[in-house]
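This report looks at a metal site, the charged pairs around it and one helix. The sequence and structure come next.

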Amino acid sequence: MSVVKSVIMVIEDNPDNMDLVTEILEDEDYTVEGFDRAGPGLDRLQSGGIDLILMDVSLPDMNGLDATRLIKKDDALKHIPVLALTAHAMANDERTCMDAGCDAYLTKPIDDELLLQRISCFLEAPHA
Ligand code: MN
């Protein structure tokens, strides 16, 4: 008996954060595809098969929120949940992320349980 595992794209340029998030997700049997730049991640999305995206906001090649705007403007991709990850502890961050089209928002340092809870909520919730 096998269960189809969800595939989660992680776009994060900090290697320590990437390792941590990957470990948390793989421990829960998610398949992780990691990218340290937004551009290659956006290219990969065109091939399909990604169920959810964890998007760092601060990236070397493109702001993660701009990358999210591109995803949400693309009819083939806009259904994919995007969860923003940011270290910025600014009061208006959540509003900024949601305005860019992110489906949820998580602050770093990553809280394992909250991360998994948010992810499972998006992957298991029936579509309205
Ligand atoms: Mn970053």
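Donors are here the N, O and S atoms within 2.8 Å of the metal, and since water is not among the atoms, a site may look incomplete. The model is predicted, and in it the donors of the manganese ion follow the spacing D-x42-D-x1-S along the chain. The pair D13 and S58 links distant parts of the chain, with D13 in the loop between β1 (7-11) and α1 (15-27) and S58 in the loop between β3 and α3, 45 residues apart. The protein donors are D13 (OD), D56 (OD) and S58 (O), which lie 2.0 to 2.1 Å from the manganese ion.

How accessible are these donors? D13 counts as partly exposed because its relative accessibility is 30%, and S58 likewise counts as partly exposed at 44%, whereas D56 is buried, with a relative accessible area of 3%.

Besides serving as a donor to the manganese ion, D56 forms a salt bridge with K108. This pair also links distant parts of the chain, since D56 belongs to strand β3 and K108 to the loop between β5 (104-107) and α5 (112-124), 52 residues apart. K108 is buried as well, with a relative accessible area of 15%.

The structure holds eight salt bridges, among them the following.

| Salt bridge | Closest N and O atoms |
|---|---|
| D36 and R37 | 3.7 Å |
| D56 and K108 | 3.0 Å |
| R95 and D99 | 3.3 Å |

In the pair of D36 and R37, D36 counts as partly exposed at 43% relative accessibility, and R37 counts as partly exposed at 33%. R95 and D99 are four residues apart in helix α4, so they are separated by about one helical turn, and both residues are exposed. Salt bridges that share partners join E12, D56 and K108 into one network.

Helix α3 spans residues 64-73, and its buried residues are G64, L65, A67, T68, I71 and K72. These residues lie on the same side of α3 because they cover an arc of only 155° around the axis. An α-helix has 3.6 residues a turn, so residues three or four places apart point the same way. Which elements cover the buried residues of α3? The cover includes α2 (38-45), β3 (52-56), β4 (82-86) and α4 (93-99). At the start of α3, a side-chain oxygen of N63 comes to within 2.6 Å of the backbone nitrogen of L65, and L65 is itself one of the buried residues of the helix.

Key: Residues numbered from 1 in each chain as written. Predicted model: local features only at pLDDT ≥ 70, side-chain atom pairs only at ≥ 80, totals over all residues. Heavy atoms only, no water. Buried < 20%, exposed > 50% of the residue type's maximum accessible area, 1.4 Å probe, protein only. Helix = DSSP H or I, 4+ residues; strand = E, 2+ residues; numbered from the N terminus. Arc of directions from axis to C-beta. Contact = heavy atoms within 4.5 Å. Polar contact = N/O pair within 3.5 Å; in protein donor to acceptor, adjacent residues only side chain to side chain. Donors = N, O, S within 2.8 Å, 3.2 Å for Na, K, Ca; no water. Salt bridge = Lys/Arg side-chain N within 4 Å of Asp/Glu carboxyl O.
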